[in-house]
Amino acid sequence: QVQLVESGGRLVQPGGSLRLSCAASGRTFSNYFTGWFRQLPGKEREFVAAIRRSGGPTYYADSVKGRFTITRDNTKNTVYLQMDSLKSEDTAVYYCAADPNPTFYKISSYYAYWGQGTQVTVSS
């Protein structure tokens, strides 16, 4: 088992930046492929970004490509999501997820472990 805890979400103005963190405990963190998902108000959870065990390569949803960056530090057992040029449509609860080997990294149901989520609100 692995436990995940997200942090860093807050209110930010359009065009601003945030960095979310996902701290892991339990099994060796380097054994897990990790991803970020988000759930917009009134919508289903959607894929945002993912990163392999080694720290690369990375994968992004078209809606965030060029604005968001996912990284990981296995020494600190932490995954990060750097979010730049934020838009109002980025407002959502952001979740960190992990799995030893998800068959399809863009689909939430293939991840076994999830954090509690952290709220990001982009508004002027």
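This is a short talk about one disulfide, a few salt bridges and two buried residues in a predicted model.

Okay, some ground rules before we look around. Since the model is predicted, local features need pLDDT of at least 70 and side-chain atom pairs count only at pLDDT 80 or more, while totals for chains, interfaces and linings use all residues. Residues are numbered from 1 along each chain as its sequence is written, and side-chain values use heavy atoms, with hydrogens and water left out.

Let's start with the cysteines. Take a disulfide to be a pair of cysteine sulfur atoms within 2.5 Å, and the count comes to one. That disulfide joins cysteine 22 to cysteine 96, with 2.2 Å from S to S. So what does this pair tie together? Cysteine 22 sits in strand β3 (residues 18-26) and cysteine 96 in strand β9 (residues 92-99), so the link connects parts that are 74 residues apart in sequence. When I say strand, I mean a DSSP run of E with at least two residues, numbered from the N terminus. The link is left-handed, by the way, with -80° about the S-S bond. Both cysteines are buried; for us, buried means under 20% relative accessible area, exposed over 50%, and partly exposed in between, using a 1.4 Å probe and protein chains only.

Now stay around cysteine 96 and look at glutamate 6, in strand β1 (residues 2-7). Here's a fun one: glutamate 6 is buried yet has no salt bridge. A salt bridge here is a side-chain nitrogen of Lys or Arg within 4 Å of a carboxyl oxygen of Asp or Glu. The nearest side chain of opposite charge is arginine 45, and that is 7.4 Å away; for charge, Lys and Arg count as positive, Asp and Glu as negative, and His and the chain ends are not counted.

What does the side chain of glutamate 6 reach, then? One partner is the backbone nitrogen of cysteine 96, at 2.7 Å. Another is the backbone nitrogen of glutamine 116, at 2.8 Å. Leaving aside neighbours within four places in sequence, glutamate 6 is also in contact (heavy atoms within 4.5 Å) with residues including Cys22, Trp36 and Tyr95.

On to the salt bridges themselves: the structure holds four. In one of them, arginine 38 pairs with glutamate 46, the closest N and O atoms being 2.8 Å apart. Arginine 38 is buried at 3% relative accessible area, whereas glutamate 46 is partly exposed at 28%. Lysine 65 and aspartate 62 make another, at 3.5 Å between the closest N and O atoms, and both of those residues are exposed.

Then there's aspartate 90 with arginine 67, at 2.8 Å. This pair links distant parts of the chain, 23 residues apart: aspartate 90 is in the loop between β8 (78-83) and β9, and arginine 67 in the loop between β6 (58-60) and β7 (68-73). Buried or exposed? Aspartate 90 counts as buried, at 1% relative accessibility, and arginine 67 counts as buried too, at 10%. Salt bridges that share partners join Arg38, Glu46, Arg67 and Asp90 into one network.

Last stop, tyrosine 32, in the loop between β3 and β4 (33-39). Tyrosine 32 is buried, with a relative accessible area of 4%. Its C-alpha atom is separated by 7.0 Å from that of asparagine 101, 69 residues apart along the chain. Beyond its neighbours within four places in sequence, tyrosine 32 is in contact with several residues, among them Gln1, Arg53, Pro100 and Tyr113.

Note on methods: Helices (H or I, at least four residues) and strands (E, at least two) are DSSP runs, numbered from the N terminus. A polar contact is a pair of N or O atoms within 3.5 Å; within protein, one must be able to donate a hydrogen and the other to accept it, and residues adjacent in sequence count only if both atoms are side-chain atoms.
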